[in-house]
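Me: Got a model here and I'd like to talk through its charged side chains. Mind taking a few questions?

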Amino acid sequence: MEEEITQFVNKRIRHEHGKAMRDRADKLVDTGIDSFGITMVILELETEYGILTEEQLTRIEIKDITLGDIIDMVLDENRKISV
């Protein structure tokens with residue numbers, strides 16, 4: 001599942017003309033995409049996986065989001081659905 005999530009994220013990043021995230025510690029802001037591109041990637045993640053609650057949006061620092069954070073959010077959301 002982690003590989004699938006990583007591929008999804010990187011496909012969206014490449015669409016915004018950024019460089020792929022390869023390691024869990026890679027930050028979204030370091031991919032070379034602008035703030036609009038980051039917003040689009042986050043919206044695509046929300047559309048695909050439904051990961052961002054209002055609470056998460058108020059406490060999350062976009063500049064600090066890593067690939068690992070994204071993977072963990074998706075996996076956590078999937079665990080909630082399957083319970």
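Me: Is Asp64 buried, partly exposed or exposed, and what is its relative accessible area?
Reply: This is a predicted model, so bear in mind that the values are computed from it. Partly exposed runs between the 20% and 50% cut-offs. Asp64 falls in that range, so it counts as partly exposed, with a relative accessible area of 33%.

Me: Which residue does Asp64 meet in a salt bridge?
Reply: The rule wants a side-chain nitrogen of Lys or Arg within 4 Å of a carboxyl oxygen. The N to O distance here is 3.4 Å, and the partner of Asp64 is Lys63.

Me: Which residues are linked with Arg24 in a network of salt bridges?
Reply: Arg24 forms a salt bridge with Glu2, with the closest N and O atoms 3.2 Å apart. Arg24 also pairs with Asp72, this time at 2.7 Å. So the residues linked with Arg24 in the network are Glu2 and Asp72.

Me: How many residues apart in sequence are the parts that Arg24 and Asp72 tie together?
Reply: Arg24 forms a salt bridge with Asp72. Arg24 sits in the loop between helix 1 and helix 2, while Asp72 belongs to helix 4 (residues 67–82), so the parts they tie together are 48 residues apart in sequence.

Me: Which element has the lowest mean pLDDT?
Reply: The protein chain averages a pLDDT of 87. Helix 1 (residues 2–15) has the highest mean among the elements, 96. Where pLDDT is low, the predicted coordinates shouldn't be read in detail. The element with the lowest mean, 68, is helix 3.

Key:
Residues are numbered from 1 along each chain as its sequence is written. This is a predicted model: local features need pLDDT of at least 70, side-chain atom pairs count only at pLDDT 80 or more; totals for chains, interfaces and linings use all residues. Side-chain values use heavy atoms; hydrogens and water are left out. pLDDT is the predictor's confidence in each residue, from 0 to 100. Helices (H or I, at least four residues) and strands (E, at least two) are DSSP runs, numbered from the N terminus. Buried means under 20% relative accessible area, exposed over 50%, partly exposed in between (1.4 Å probe, protein chains only).
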